[in-house]
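Visitor: I have a model open on my bench computer and would like a guided look at it. Could you take me through it by question and answer?

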Amino acid sequence: MQHLPTRLALPIKCVVAADGSLLAADSAVRRLHFGNNGVEGGVLAVPGLLELASLCWRIGLRLERTVYIADKDHDLELWVEAEKQEKAVHLSVTGWQERVATYRPSLPPPQTTAHFEYRSALPSMHVNRSGIILQASASLVDTFCCSAIAEQFDDHFSVVGYGKGLIALLQQQAEIPSRIKIKHLPSGRECYALVDIVRLETGIVAGARLVFLFDDPAQAQTGAAGAVALPSHSGMGLGRHFASAVRQPLGRILANAETIGSELNGSILEQYSSYAKDIASAARHLSELVGDLEDLDAIDKPDFKVAKEPVELGDIAQRVAGLLALKAADHQIELVVPDQEIKGHVVGEFRRVLQIALNLLGNAIRYSPGGSKVKIEIDPAGPSLSVIDEGPGIPVEDRERVFTKFERLGRSGDGGSGLGLYISRKLARAMGGELSIGAGEGGGANFTLRLPPVDPKSN
Amino acid sequence: MLCEDLAQQLFPRATRVPSEAMQAAVRLVLQKLVAGVERGLGVDNDGFVPKSWDILCRSGLLREATLLEFALARQAEEQIAERVDVSGAALFAQLPSRLVDSSDAAIAECARNLLIAENAAQLRAPDALVKQLPADLLHLLVWRVVAVFQAGGDETSLSFISAGNQLLSAHDEANAASAAAAKLVYFLPESERDALGDPRAVGLTLYASGLAHEFRIPHDRILRFIDEEPSAPLLLMLRARGHDPKFAMSALQYLRGQRIDDHRLPEMLLQFEQLSQEAARTEILRWRLGAAPVWKTG
């Protein structure tokens, strides 16, 4: 490793605007910028510096960090101070170290001369040539409260000042300015977006990457922070008032009971520890019930929507098995999970599919006798995910009843609320799929979740 | 709390689910952080559990990988610090203590900041812990907590926003021990650089920073590697630095203390000798590439 004198007598300066464009820079930074296909006045083409500037702009705090840059035949390690001023971030490079390059990744050639990737804190969206939104940052989904993935961009947004939508511009390969103003149609909110046109090697437009810029950084923040306290289905009587009113005291009971039960604040008599664990268990059950009621409130609304994203059922199976492994072990139940090679590619909302699978597996563990097996199977052709247990099974005449609200089939005191399967089926249907029940080979229950397959033609 | 998907993100090569003890410890660190932020926001709370804790948990705070990593690192740091006894002459001999009156004013300032930060970090009080947060994590946490109180919709919600802004503007991440150590390592004179390889000579924070700088792996992750059970990650890093087996075993004993018994030591020594420096560096490169890519210009 090579260490050269690092401290610069005069710091190297550069100024980066809120949208990431390079406003001014000393020659050393300009060399890096242009060497990386950056353009005059364009977005700073030095990923590490841009990332630091973006972070500084977003959080508004002074930062001092090491920035790594691969520069031709060696690596650079810069010590950079970043400070947000009125309309830009001022970067000051006070240390400059050259190190022998230890790694050179074989990156594919850039798709356009101006194209480069960086891990940015700015929210972005990828739209293909047909105008379908392929991917969006989580904060964008929160900010616009929409589940627009896989839907038409023009159904949700318009380009201000253009008669045509973004798709028409993309399809005509028209000259699109690098910065456009877009309007979110449902809410009427407007913001700017940087457009990075992605071309194939043949020169044909493949789509675009939009980096969203909010005039007021707090706007994006509010969206994200708001989402913390108010889930997407909040604002309804139950979600906002009942759930939050109940959760606060409930959460406190749970936290205190867990703290006492785990003897974190000192040892206590064994029986008291056991009482505390019982309290925690009851509070956890109540908390799950509140969650179920909140879900119930949301899915019974006529405008309830789910996102459409590619989901892999094999991955879901592995995750739920991992999440409930301890619970299964507690019940002395052996979980049989499918091979990792078995895949089931479907379209649905990831967290909702996971929620359904957790409900099915949780039920199977709860109602199966100790020493039995619970199998999760994936049928790639379906595609479907099945949870098969060796419990007593459900009589044919009761099979549809289990999907009705608060139906417990006469059971009580086992921690169930009678809402899980009702919610799961509603969610499955909202995603264009179905949740059905049959009998397993040994007479146990066999719940099967089917979801629409991924269109092989889509990306 | 640490669901398997998150655990895989935080422990890419782990085969075990994090223990309950670790989860409890991480929860305590996070509770302290939230309590520290609440105190900074002027929330009146005499209880052990922060007021916003329940809602924060329900709204996904415990699934923030960056915060969990911070908490895990603090836990690892505490465990290592308990094993490493630095007092008396040993403390004075350590690099930050020696550099604090360096003739190079900038280096002296870096060393001073590091000593102050390390001492503050030892307090483990909520306020002190908050000061160890990188700016982006504090930003995340402050607005999460403010959002909880805002959701209450009372008239004081605006005052929380104002207090949040004040708390952020008063924060200087350069005062965090890891940041101070990173700066000292970056600007360390060539003559002192060799000492970075010896944990006894530089202290835990600076040692971890030296490894972080050399392998380009975040400081907090290095701390976790040092504390990781079994000790393969630390052995790999020692091998990658080119240490001889004798020095490596002594560093291992120093950092991991009684956790290595006499029966395991010979076996570890054998494995260490069989591992080439090149193979160790390649493995560490894989860890790094999992965390941050390096981009090539032009």
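Visitor: Which loop holds Glu349(A)?

Guide: Happy to start there, with two words on the ground rules. This is a predicted model, where local features need pLDDT of at least 70 and side-chain atom pairs count only at pLDDT 80 or more, while totals for chains, interfaces and linings use all residues. Residues are numbered from 1 along each chain as its sequence is written, chains are lettered from A and ligands numbered from 1 in the order in which they are written, and side-chain values use heavy atoms, leaving out hydrogens and water. Helices (H or I, at least four residues) and strands (E, at least two) are DSSP runs, numbered from the N terminus, and Glu349(A) is found in the loop between strand S14 (345-348) and helix H11 (350-367) of chain A.

Visitor: Is Glu349(A) buried or exposed?

Guide: Relative accessible area decides this: buried means under 20%, exposed over 50%, and partly exposed in between, using a 1.4 Å probe and protein chains only. Glu349(A) has a relative accessible area of 10%, so this residue is buried.

Visitor: Which residue, 82 residues apart from Glu349(A) along the chain, has its C-alpha atom 7.3 Å away?

Guide: Contact here means heavy atoms within 4.5 Å. Leaving aside neighbours within four places in sequence, Glu349(A) is in contact with several residues, including Lys305(A), Val306(A) and Glu309(A). The residue you ask about is also in that contact list, and the C-alpha pair at 7.3 Å is completed by Met431(A).

Visitor: What span should the 18 residues of H11(A) have?

Guide: The expected span of a helix is 1.5 Å times one less than its number of residues. The end C-alpha atoms of H11(A) agree with that expectation, and the span for its 18 residues is therefore 26 Å.

Visitor: How many disulfides are there over all chains?

Guide: A disulfide is a pair of cysteine sulfur atoms within 2.5 Å. Among the cysteines, Cys56(A) is buried at a relative accessible area of 0%, and Cys110(B) counts as buried at 7%. By the sulfur distance rule, the count over all chains is 0.

Visitor: How many helices does chain B have?

Guide: Of the 298 residues in chain B, 53% count as buried. Its secondary structure has 0 strands, and the number of helices is 19.

Visitor: How many residues of helix H15 in chain B are buried?

Guide: Helix H15 covers residues 219-227 of chain B and is mostly covered. Its buried residues include His219(B), Arg221(B), Leu223(B) and Phe225(B). The count for H15 is 9 of 9.

Visitor: Which helix gives the most residues to the largest nonpolar core?

Guide: A nonpolar core is a set of buried Ala, Val, Leu, Ile, Met, Phe, Trp, Tyr and Cys residues joined through side-chain atoms within 4.5 Å. The largest one has 65 residues, and those with the most contacts inside it include Leu49(A), Leu91(A) and Val37(B). With 10 residues, the helix that gives the most to this core is H9 (residues 135-151) of chain B.

Visitor: How many residues are in the second, separate core?

Guide: Trp79(A) belongs to this second core, as do Leu188(B), Ala248(B) and Leu252(B). The number of residues in it is 50.

Visitor: What is the phi of Arg216(B)?

Guide: Most residues other than glycine have a negative phi, and most peptide bonds are trans. Arg216(B) lies in the loop between helix H14 (204-215) and H15 of chain B, and is buried with a relative accessible area of 9%. Its phi is a positive value, near 55°.

Visitor: Where is the proline that follows Gly382(A) through a cis peptide bond?

Guide: The bond from Gly382(A) to Pro383(A) has omega near -15°. Pro383(A) sits in the loop between strand S15 (373-379) and strand S16 (384-389) of chain A.

Visitor: Which residue in S5(A) stands opposite Ala82(A)?

Guide: Two strands pair if DSSP finds at least two bridges between them. Strand S4 (residues 74-84) of chain A runs antiparallel to strand S5 (residues 88-100), joined by 11 bridges, and a hairpin links S4(A) to S5(A) through 3 residues. The partner opposite Ala82(A) is Leu91(A).
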